[in-house]
Amino acid sequence: MESQGINGNFTQANVEALVVAIFKNESIKDPALKELDGLTGGQISAALKSEEIKGEAGETAMFRISSANGVKANRVLVVGAGERDKYKAADVAVASGTAARYLRKCNVKSFAILSRSNGEAIETVQNAVQGAITSQFELDKYKTKDKNDKAITKVVVCIDGAKGSDIKAGIARGRAIGDSMNFTRDLANEPPNILHPTEMANRAQKMAKETGLKCEILDEAKMRKMGMGSLLSVSQGSEQPGRMIVLRYTPEKPSKKKGELLALVGKAITFDTGGISLKPGENMDAMKYDMSGGATVLGAMRAIALLKPSVPVLGVVAAAENMPDGRASRPSDIVTAMNGKTIEILNTDAEGRLVLADAVAYAEKEGATTIVDMATLTGAVIIALGDQNTGILGNDQNLVDQLIASAKEAGEGFWQLPVSPEYSKQIKSDIADIKNIGPRMKAGTIMGAVFIQEFIDKAKWAHLDIAGTAWADAAQPHQAKGPTGVAIRSLLKFIERSE
Ligand code: BES
Ligand code: ZN
Ligand code: ZN
């Protein structure tokens, strides 16, 4: 998709459709709206008057411009933007995405958007471009027929009076973030026969080469040498060997904060059958997305490589397939993780925490002082928070607060659940140091988090349970059904704030 920015002359843009956001209870006073209303022969004001459109978020209404008006575009698309004082930069991505999906259906290939955000130009342009790019993602990669063959090929973002350099920077950022989110979504959408740990490592290597990240792949022999008995206990039941993917971003001009290292750590179970604690067959196919935490780390690292923040970032992805097999681990097996702790495996379906145990310990050994791990870790988080909020837990309230604030700015929801020594007591084992499950049906998401916490030594740590938010069961006006690319924008905001 070609992206451009202009700082005036909205109606003169060389596109097929002009898109404008409209607020709730708005009457046509804004000069740009007035001009568009004139171009449509008063159809916009008539539609507002008759309440055909009310400015509610997600609404769309299309109007024709007659060629007699001398503008290149022949359509105006009005997109509802909700209440004016609640409209933020992140909402521009939704408006732009909604427009792009609507127009694509109408076989329109190019549009210019007047987002009407009061925010900074860079942010507005970035969000408009990212929203247009992420709106075009579809699940149909493997279809040979009935595939979506329409595409938006050009988006023009209009901001009155913006500096050219800001527009340029906003476009570059929007592209980097949008493409990286789609990179993550493509990985999450891959079937598990294609995307096994080795293939995930190959894709990471290719991406690293393209973007200039350092990439190291730890195979099983290397992991065994390093004592990663917890991760290896998961991969041992599969024909597919496990992999630890390690990516390193080093800034050219580092900020003054010496010795600090942020690590992003992700769970990548390329398929989760539950292992010997086998899951029921119904909906088991959904477990191909159990590598979404790892895919999020890869997408975030891709964006980081392109955006070049002034802080170093380490990315660690723990990849394994969880299968039942003659060699698979059994409930009651005891394994030793890299930090020396012994784990009694009481449920082989609680495997995400087992691979993350070694991954967070590895990140800290590599010098991480702040660790954010992300995982489709528990069904319990879906029961608690549904698909609107990612569960966040951690050992440092300031870190958790920063992440929640970053998510809010990025237009995503993070909601905190507690961790405390009382909860940690509930995963003490009778015969090993800890067990991998807590009491039945109690605080499942917290149990997962306090387990991971056992493998953090001194680092500040936060855990994101994205089981409910990484996959959308239904399409939205701005986004296809399927993998969402959640948390990438929040993590990038967090990094921006910590520079
Ligand atoms: N990958 C699942 C978590 C999951 C479940 C994600 C449903 C998305 C939808 C994880 O490995 C798992 O199976 N967790 C168990 C933990 C339990 C055995 C303590 C769960 O949530 O039931
Ligand atoms: Zn599981
Ligand atoms: Zn899992």
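In this predicted model, the largest nonpolar core has 56 residues, and those that touch the most other members are Met200, Leu264, Leu298, Met301, Leu403, Leu464 and Leu491. Helix H9 supplies the largest share of this core, namely eight residues. In soluble globular proteins, nonpolar side chains tend to be buried together.

Methionine 301 shows what such a position looks like in detail. Leaving aside residues up to four places away in sequence, methionine 301 touches Leu213, Leu247, Arg248, Tyr249, Leu264, Val313, Leu314 and Gly315. A second core, separate from the largest one, has 48 residues, among them Leu232, Val234, Val316 and Trp461.

Leu491, already named among the residues of the largest core that touch the most other members, is also one of the buried residues of helix H15. This helix, which spans residues 488-497, is mostly covered, with eight of its ten residues buried. The buried residues are Ile488, Arg489, Ser490, Leu491, Leu492, Lys493, Phe494 and Ile495.

Aromatic rings give another view of the structure, which holds three aromatic pairs. In one of them, the ring centres of tyrosine 289 and tryptophan 471 are 5.9 Å apart and the planes meet at 70°, and because an angle over 60 degrees counts as edge-to-face, the pair is given that description. Tyrosine 289 lies in the loop between strand E9 (262-272) and helix H9 (292-307), whereas tryptophan 471 belongs to strand E18 (residues 471-472), so the pair ties together parts that are 182 residues apart in sequence. Tyrosine 289 is buried, with a relative accessible area of 8%, while tryptophan 471, at 21%, counts as partly exposed.

Another pair is formed by phenylalanine 451 and phenylalanine 455, whose ring centres are 5.3 Å apart and whose planes lie at 45°, which makes the pair tilted. Phenylalanine 451 is buried, with a relative accessible area of 0%, and phenylalanine 455 is likewise counted as buried, at 3%.

The surroundings of ligand 1 come next. There are 17 residues around ligand 1, and of these Lys279, Asp290, Asp349, Glu351 and Gly379 come nearest. The table lists three contacts, two made through side chains and one through the backbone.

| Residue | Atom of the residue | Atom of ligand 1 | Distance |
|---|---|---|---|
| Aspartate 272 | polar side-chain atom | oxygen | 2.9 Å |
| Glutamate 351 | polar side-chain atom | oxygen | 2.8 Å |
| Leucine 377 | backbone N or O atom | nitrogen | 3.4 Å |

On its own, ligand 1 has 510 Å² of accessible area, and the protein covers 76% of that area. Glutamate 351 thus appears twice in this account, as one of the residues that come nearest to ligand 1 and as a residue with a polar side-chain atom 2.8 Å from one of its oxygen atoms.

Finally, two loop residues deserve a look for their backbone angles. Asparagine 107 has a phi near 65°, a positive value in a residue other than glycine, and its place is in the loop between helix H3 (89-105) and strand E5 (110-114). With a relative accessible area of 41%, asparagine 107 is partly exposed. Methionine 441, which is not a glycine either, has a positive phi of about 65° and is found in the loop between strand E16 (434-435) and helix H14 (444-453). Is methionine 441 buried or exposed? At 75% relative accessibility, methionine 441 counts as exposed, because the value is over 50%.

How values were computed: Residues are numbered from 1 along each chain as its sequence is written. Chains are lettered from A and ligands numbered from 1 in the order in which they are written. This is a predicted model: local features need pLDDT of at least 70, side-chain atom pairs count only at pLDDT 80 or more; totals for chains, interfaces and linings use all residues. Side-chain values use heavy atoms; hydrogens and water are left out. Rings of Phe, Tyr and Trp (its six-membered ring) pair if their centres lie within 6.5 Å; planes under 30 degrees apart count as stacked, over 60 as edge-to-face and the rest as tilted. Helices (H or I, at least four residues) and strands (E, at least two) are DSSP runs, numbered from the N terminus. Buried means under 20% relative accessible area, exposed over 50%, partly exposed in between (1.4 Å probe, protein chains only). A nonpolar core is a set of buried Ala, Val, Leu, Ile, Met, Phe, Trp, Tyr and Cys residues joined through side-chain atoms within 4.5 Å. Contact means heavy atoms within 4.5 Å. A residue is near a molecule or strand if one of its heavy atoms lies within 4 Å of it. A polar contact is a pair of N or O atoms within 3.5 Å; within protein, one must be able to donate a hydrogen and the other to accept it, and residues adjacent in sequence count only if both atoms are side-chain atoms. Accessible areas come from the Shrake-Rupley method with a 1.4 Å probe; for residues, only the protein chains shown count as cover.
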